[in-house]
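Let's take a walk through this structure, one piece at a time. Keep the viewer open and follow along.

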Amino acid sequence: MDIGNKIYELRKAENLSQEALAEKLGVARQTISKWELGETSPDLRQAKRLADFFGVSLNGLAGDEAENNTPAGSEAAAAVYETRPCVQPKPKSKKKVVITVLLCILIFALTASPVLIRLAVRKHEYKNGSIRYSAVECDLHGEKYLYEFRYYEEDGQIIEAGGDGYLSDIVGIEKYGNAYQAINVIKAYVENNGGTTQITDAEISS
């Protein structure tokens, strides 16, 4: 069973909608949908949150542990199976072995040092004008995130933007060419979900 199907079954066992699970994890509903369809996979921090929320190990989240480890118990799990096609057990595939090895590596990386996914987007060539730097520091669900911008002060046009991959997923930075809009979106999302933001701002050239 791949991780998308496992997330689906754990969510159904908890009787949660995609929107409800997304709200609890602090991600967009479309993110949950993409995980379950196998279009994308959760990153390390998101996988750990999912495992903690459902009360399973990271291996269990990948489908390598007995299904009765779901927090709702075997009866809830059985109810989920009744709504899905019966699949005969298959020998452990190479794909599962690879997933298990990768998860072990990720667990080691998590305990050895913090993992920060940073994205940088080059928007356009430099032009004349004052350039500002803004750093948005966020505290959400007990986790700290950072996103940084370089942009033209006059119109907010982004030169470079980069930061934590989780915030990038939420903001969809590629949709914004204006730093003021992007910063407001981050601030609104974090504060609407019970978090706090602190913005550091400075002029770096003129």
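Start in helix H4 (residues 44-54): aspartate 52 and lysine 48 are four residues apart there, so about one helical turn separates them. Keep in mind that what you're looking at is a predicted model. An α-helix has 3.6 residues a turn, so residues three or four places apart point the same way. And the two side chains do meet: aspartate 52 makes a salt bridge with lysine 48, with 3.3 Å between the closest N and O atoms. How open is this pair to the outside? Aspartate 52 counts as exposed, at 53% relative accessibility, while lysine 48, at 36%, counts as partly exposed.

That pair is part of a bigger set, as the structure holds eight salt bridges. Side chains of opposite charge can pair when their charged atoms come close. Now look at glutamate 36 and arginine 11, which form a salt bridge with their closest N and O atoms 2.6 Å apart. Here glutamate 36 sits in helix H3 (residues 29-37) and arginine 11 in helix H1 (residues 3-13), so the bridge ties together parts that are 25 residues apart in sequence. Is this pair buried or exposed? Glutamate 36 is buried, with a relative accessible area of 11%, and arginine 11 is buried too, at 5%. Both values fall under the 20% cut-off for calling a residue buried.

Next, move over to the strands. Glutamate 153 and arginine 132 meet through their side chains in another salt bridge, at 3.4 Å from N to O. Arginine 132 belongs to strand S2 (residues 131-140), and glutamate 153 to the loop between strand S3 (143-152) and strand S4 (158-164), so this pair ties together parts that are 21 residues apart in sequence. Their surroundings can be read off too: arginine 132 is buried, with a relative accessible area of 14%, whereas glutamate 153 counts as partly exposed at 31%. Aspartate 201 joins in as well, since Arg132, Glu153 and Asp201 are linked in a network of salt bridges.

While you're in this area, find leucine 146 in strand S3. This leucine counts as partly exposed, at 28% relative accessibility. Its C-alpha atom is 5.8 Å from that of aspartate 164, although leucine 146 and aspartate 164 are 18 residues apart along the chain.

For a nonpolar stretch of surface, turn to Val97, Val98, Val101, Leu102 and Ile105, which form a patch with about 420 Å² of accessible area together. One of them, valine 101, is found in helix H7 (residues 94-112) and is partly exposed, with a relative accessible area of 44%.

Last stop: helix H9 (residues 179-192). At 1.5 Å a residue, its 14 residues should span 20 Å, and the end C-alpha atoms are indeed 20 Å apart, which agrees. Which residues of H9 are buried? They are Ala179, Ala182, Ile183, Ile186, Tyr189 and Val190. These residues cover an arc of only 135° around the axis, which puts them on the same side of H9. Have a look at the ends, too. At the start of H9, a side-chain oxygen of asparagine 178 comes to within 2.8 Å of the backbone nitrogen of tyrosine 180. Just after H9, glycine 194 adopts a positive phi of about 85°.

Definitions and conventions: Residues numbered from 1 in each chain as written. Predicted model: local features only at pLDDT ≥ 70, side-chain atom pairs only at ≥ 80, totals over all residues. Heavy atoms only, no water. Helix = DSSP H or I, 4+ residues; strand = E, 2+ residues; numbered from the N terminus. Expected span 1.5 Å × (residues − 1). Buried < 20%, exposed > 50% of the residue type's maximum accessible area, 1.4 Å probe, protein only. Arc of directions from axis to C-beta. Polar contact = N/O pair within 3.5 Å; in protein donor to acceptor, adjacent residues only side chain to side chain. Patch = residues over 30% accessible without salt bridge, like charges linked within 9 Å, V, L, I, M, F, W, Y side chains within 5 Å. Areas by Shrake-Rupley, 256 points an atom, 1.4 Å probe, with all protein chains shown as cover. Salt bridge = Lys/Arg side-chain N within 4 Å of Asp/Glu carboxyl O.
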